[in-house]
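Please walk through the architecture of this chain, beginning with its strands and then turning to the helices and a few individual residues.

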Amino acid sequence: MTLKITIQEDWDVTTLKLEGRVAGTSTTEFQRAWESLALSLGSKRLLVDLSGVTHIDADGTRVLAEIHKKTNADFRADTPMNRYLVQTAKRMGRLQCKEGR
């Protein structure tokens, strides 16, 4: 399954929904979508919905860490594997913040 990226904007939250595999070239697509979205977020809260994700590679986890570091986004993860990857990304994001000081 290829990666499908959907962005939904409400008045106080923007949802970045991913469906499929976040691996290889689709990770680059995810990175580009995130970078474009980051420019327009403003003060809105960001929700990253991973409930449709079937696989995330190490590069995809690094993108999640970057998102967490820059926005403190909320994550929706519906499987044990995706919850584990979210926790890993959050730890990575915190470590990047400490190293960057």
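In this predicted model, a useful place to begin is strand β2, where seven of the 10 residues are buried, so that β2 is largely enclosed by the rest of the structure. Burial here is meant in the sense of a relative accessible area under 20%.

The setting of β2 becomes clear from the sheet to which it belongs, an open sheet of four strands in the order β1-β2-β3-β4, with mixed pairing. The edges are taken by β1 (4-9) and β4 (74-76), each of which has a single partner strand, so one side of each is left without a neighbour in the sheet. From one strand to the next, the twist averages 20°.

On one side of β2 runs β1, to which β2 is joined by six bridges in the antiparallel sense, and the two are connected by a hairpin that passes through three residues. Within this pairing, Gln8 stands opposite Thr15 in β2. The pairing of β2 (residues 13-22) with β3 (residues 45-56) is instead parallel, and it extends over nine bridges; here Leu16 has Val48 in β3 as its bridge partner.

Two helices can now be placed against these strands. Helix α1 (residues 25-40) lies across β1, β2 and β3, and its direction runs at about 175° to β2. Helix α2 (residues 58-71) also packs on the sheet, where it touches β2, β3 and β4, and its direction makes about 170° with that of β3.

How are the two helices arranged relative to each other? In general, two packed helices are described by the angle between their axes and the distance between the axes. The axes of α1 and α2 come within 9 Å and cross at roughly 15°. Because angles under 35 degrees count as roughly parallel, α1 is described as roughly parallel to α2, and the crossing in which α1 passes α2 is left-handed. The residues that meet there are Thr27, Phe30, Gln31 and Trp34 from α1 and Asp59, Gly60, Val63, Leu64, Glu66, Ile67, Lys70 and Thr71 from α2. Sorted by class, this contact of α1 with α2 comprises five nonpolar, four polar and three charged residues.

Gly60, one of the α2 residues in that contact, also has a relation to the loop between β2 and α1, in which Gly24 lies. Although Gly24 and Gly60 are 36 residues apart along the chain, their C-alpha atoms are separated by 8.6 Å. Gly24 has a relative accessibility of 46% and therefore counts as partly exposed.

A last residue to consider is Asn82, which is found in helix α3 (residues 80-99). Is Asn82 buried or exposed? With a relative accessible area of 3%, Asn82 is buried. When residues up to four places away in sequence are not counted, Asn82 touches Leu50, Val53, Ile56 and Ala77. Leu50, Val53 and Ile56 fall within the span of β3, residues 45-56, and these contacts of Asn82 thus link α3 to the strand that pairs in parallel with β2.

Key:
Residues are numbered from 1 along each chain as its sequence is written. This is a predicted model: local features need pLDDT of at least 70, side-chain atom pairs count only at pLDDT 80 or more; totals for chains, interfaces and linings use all residues. Side-chain values use heavy atoms; hydrogens and water are left out. Two strands pair if DSSP finds at least two bridges between them. Axes are lines fitted to C-alpha atoms, for helices over the stretch in contact, and angles run from 0 to 180 degrees between N-to-C directions. Contact means heavy atoms within 4.5 Å. Buried means under 20% relative accessible area, exposed over 50%, partly exposed in between (1.4 Å probe, protein chains only). Angles under 35 degrees count as roughly parallel, over 145 as roughly antiparallel, 65 to 115 as roughly perpendicular and the rest as oblique. A crossing is left-handed if the near helix is turned anticlockwise from the far one by less than a right angle, and right-handed if clockwise. Ala, Val, Leu, Ile, Met, Phe, Trp, Tyr, Cys and Pro count as nonpolar, Asp, Glu, Lys and Arg as charged, and the others, Gly among them, as polar.
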